[in-house]
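These are my notebook entries on one structure. I record here what I looked up, entry by entry.

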Amino acid sequence: MAEFWDVYTVDREKTGQMMKRGDEFEVGAYHLVVHICLFNDKGEMLIQQRQKDKEGWPSFWDVTVGGSALAGETAQEAAMRELEEELGLSLDLTGMRPHFTINFNKGFDDTFLVRKPVDLETLILQKEEVQAVRWASCAEILAMIDEGSFIPYYKSMITLLFDWCVGYGAYQKISEK
């Protein structure tokens, strides 16, 4: 089944056009991608290992879930769908803002950071996409990047995910004395 994406302008306005996944991007056309990073009470991130035959980074470990928003979806709807499809986990992100957006050559990548205890035994992994899941600390993920088993995100971004998983904003909460 073909997957269609909304086409956005550089200013992140929908153009009213759609494109099919795999088609060449026209000049000035962008699309929306989402990522969710789930953290437990120990401050570990739920990570997934991509299937060995998956296009793009086969067998590499990745953040909790991610994918492209389908035509008509908001970032929240796309993130909820990806989480349900890949891990069988329902989570209501209605009204939740992404913690940050990373602009890339062909679009916008909204990242949601959520603290939620999850029992790994209850997850239903999408066989076509995910071969394994586990909890990992920031140090473990950084080591996995070094050894070449985790998608080679910038290490500073991984550290940022862990720093920002406690809430919104770009500064630390300092208690008054």
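**Entry 1: Tyr-168.** I began with the surroundings of Tyr-168, setting aside residues within four places in sequence; Tyr-168 is then in contact with Met-96, Arg-97, Pro-98, His-99 and Lys-173. I note that the model is a predicted one. Tyr-168 is found in the segment that follows H3. Is Tyr-168 buried, partly exposed or exposed? Its relative accessibility is 33%, and partly exposed means between 20% and 50%, so I entered Tyr-168 as partly exposed. I also looked up the separation of Tyr-168 from Tyr-30: the two are 138 residues apart in sequence, and their C-alpha atoms lie 26 Å apart in space.

**Entry 2: Glu-73.** I next located Glu-73, which sits in the loop joining strand S6 (65–68) to helix H1 (75–87). With a relative accessible area of 12%, Glu-73 falls under the 20% cut-off and therefore counts as buried. What does the side chain of Glu-73 reach at 2.7 Å? I found the backbone nitrogen of Leu-70 at that distance. Beyond the neighbours within four places in sequence, the contacts of Glu-73 are Asp-6, Tyr-8, Lys-14, Ser-68, Ala-78 and Arg-81.

**Entry 3: helix H1.** I then followed the chain into H1, which has 13 residues. From first C-alpha to last, H1 reaches 18 Å, close to the 18 Å expected at 1.5 Å a residue. I listed its buried residues as Ala-75, Gln-76, Ala-78, Ala-79, Arg-81, Glu-82, Leu-83, Glu-86 and Leu-87. Against which strands do the buried residues of H1 pack? They pack against S3 (31–39), S4 (45–50), S6, S8 (107–115) and S9 (130–136). Just after H1, I noted a positive phi of about 65° at Gly-88.

**Entry 4: the nonpolar cores.** I turned to the largest nonpolar core, which has 26 residues; Ile-36, Leu-38, Leu-83, Leu-87, Leu-93 and Phe-112 touch the most other members. At least two residues of this core come from each of S3, H1, S8 and S9. H1 gives the largest share, 5 residues. For Ile-36, leaving out residues up to four places away in sequence, I listed Val-63, Thr-64, Val-65, Ala-79, Met-80, Leu-83, Leu-93, Phe-112 and Val-114 as touching. I also recorded a second, separate core of 23 residues, with Cys-37, Val-63, Phe-100 and Ile-145 among them.

**Entry 5: strands S7 and S8.** How many bridges pair S7 (residues 100–104) with S8? I counted 5 bridges, and the pairing is antiparallel. One bridge joins Asn-103 to Phe-108 of S8. The two strands, S7 and S8, make a hairpin, with 2 residues between them.

**Entry 6: helix H2.** Last, I examined H2 (residues 138–147), where Cys-138, Ile-141, Leu-142, Met-144 and Ile-145 are buried. These residues cover an arc of only 155° around the axis, and so they lie on the same side of H2. I noted the general rule that an α-helix has 3.6 residues a turn, so residues three or four places apart point the same way. Which residues are exposed on the other side of H2? I found Ala-139, Asp-146 and Glu-147 there. The cover over the buried residues of H2 includes S4, strand S5 (61–62), S9 and helix H3 (155–164). Gly-148, just after H2, takes a positive phi of about 85°.

Technical notes
Residues numbered from 1 in each chain as written. Predicted model: local features only at pLDDT ≥ 70, side-chain atom pairs only at ≥ 80, totals over all residues. Heavy atoms only, no water. Helix = DSSP H or I, 4+ residues; strand = E, 2+ residues; numbered from the N terminus. Buried < 20%, exposed > 50% of the residue type's maximum accessible area, 1.4 Å probe, protein only. Polar contact = N/O pair within 3.5 Å; in protein donor to acceptor, adjacent residues only side chain to side chain. Contact = heavy atoms within 4.5 Å. Expected span 1.5 Å × (residues − 1). Pairing = 2+ DSSP bridges. Arc of directions from axis to C-beta. Core = buried A, V, L, I, M, F, W, Y, C linked by side-chain atoms within 4.5 Å.
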